[in-house]
Amino acid sequence: ASAGAGPRERPPRRERRGGGRGDLYSQASGPKLVYSQRRERALPRQLDHDQAAERADLVGVERRNPEGGGQVGDRDLRTALHHRRPEGLDRLVVGTERENGSLGISLEPRGLRASLRPRLGRFEVRARDATFWVGANRAHVVPSRPGRSFDLERISHSLVSNLDSTTHLARFERTPPAFTTEDAERLDIRALVSAVTTYYSCCQPRVTNIQRAAELLDGTIIRPGESFSLNEKLGKRTEEKGFVSAPQIFNGRLEDAVGGGISQVATTLYNSAFFAGVKLVAHQAHQFYISRYPMGREATVSWGGPELVFRNDWPAAILMKVSASDTGITVRFYSRKLGRRVETTTGEPYAQVAPRTIAVTNATLPAGTTSTVQSAGESGFSVQYTRKVFKGDDLVKDERYTVRYDAQNAIVEVGTKKVK
């Protein structure tokens, strides 16, 4: 530089546009929808159908911050709104109707959303419902979180009302969760009020059914005044629902049926309801006594009946947590204590009846031969048990139940087929 020359002028800073994916987020409010090509062509406010389709192909996206990120280049922009969409959607985002000999533009919401998602879908966030964390004795609410989704009405309005503009904000709106923190707090679920475990042998087909039922029951909420039906909750036990064939009692016999073993779920659930002090609406004990269950204080179910039904007659909701391992199932009820306390007694068995052998004919067996279908099991007897439910010092339920078990008889088939 020559002597006396002034300071060198710096060239003006050029704004960075159309950078790659690694560009830093800027502070401008984004993301933006951008017409990315043929910007020299003016867009009339009425278009014929071909023009409308062509214009739809040219809409792109510019993103500028975490609500919509660093900028992207024109090559990426071209596919933001023009994208192959799922079956069942109209081929074009753009809809038209006649206006004074021309075609007015409208944007079909489902098509617009499908076209935006390939480029902007990552900025949408699903709402998260409130849930419950449970420990050994306590429960508390895990807060809900609102989601974020395209504000299709505002995006569409911007696109069709400002056709001369090459840049449009891709606006988002908050989407509320279906089950909010406030909803969960109002249920008043605070503490463990009952827990029962029953056990079984590992690796039998019935264990598959018990575990499948536990999956379907876990997390059930029973609001104050609501009734719960085990059959209604599980529905008909079918192979399509994940149940398998396993033994169950039917008319005095052990027979295989899809869903066999669910009665152990019923017994465990019944006892947890029993000790939670809720109203016991309908239950029935097994036909035979099964030694792994408390005498009398147990329940069976089958599709079409018998039923297990109870009602939450306390002012706080109940959260049901159910888990099943290879050797046992546990049912825990969480609610609010409300001073509830349950006392129970079980009497001694009486009126015992020993099992006997029942012979039935079988025309497919050769005459003079026999086949044992079922071995003799437990004797039959009657037993009584009681329940007293307290709320603080007040006795609110005083109940007595009597159960009669049949003897588990041996069943022997006798052949009648004549051999020539």
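The questions below concern two sheets and one buried glutamate in a predicted model.

Q: Which strands stand at the edges of the open sheet with the order β12-β16-β15?
A: This open sheet has 3 strands with antiparallel pairing, and its twist averages 25 degrees from one strand to the next. Two of the strands each have a single partner strand, so one side of each is left without a neighbour in the sheet, and these edge strands are β12 (227-229) and β15.

Q: What is the bridge partner of Ser 227 in β16?
A: β12 and β16 pair in the antiparallel sense, over 3 bridges. Within this pairing, Ser 227 has as its bridge partner in β16 the residue Arg 311.

Q: At about what angle to β15 does helix α8 run?
A: Helix α8, made of residues 262-276, lies across β12, β15 and β16. Its direction relative to β15 is about 140 degrees.

Q: Which side chain joins that of Glu 298 in a polar contact of 2.6 Å?
A: Glu 298 sits in the loop between β15 (279-282) and β16 (309-311), where it is buried yet has no salt bridge. The nearest side chain of opposite charge, Arg 292, is 9.3 Å away, whereas a salt bridge requires the charged atoms to be within 4 Å. The polar contact of 2.6 Å is made with the side chain of Tyr 405.

Q: In β25, what is the bridge partner of Gln 374?
A: A further open sheet has 3 strands in the order β21-β25-β22, with mixed pairing. There β22 (370-374) is one of the edge strands, and 4 bridges join it to β25 (residues 410-417) in an antiparallel arrangement. In β25, Gln 374 is partnered by Ile 411.

Definitions and conventions. Residues numbered from 1 in each chain as written. Predicted model: local features only at pLDDT ≥ 70, side-chain atom pairs only at ≥ 80, totals over all residues. Heavy atoms only, no water. Pairing = 2+ DSSP bridges. Buried < 20%, exposed > 50% of the residue type's maximum accessible area, 1.4 Å probe, protein only. Lys, Arg positive; Asp, Glu negative; His and termini not counted. Polar contact = N/O pair within 3.5 Å; in protein donor to acceptor, adjacent residues only side chain to side chain. Axes fitted to C-alpha atoms, helices over the stretch in contact; angles between N-to-C directions. Contact = heavy atoms within 4.5 Å.
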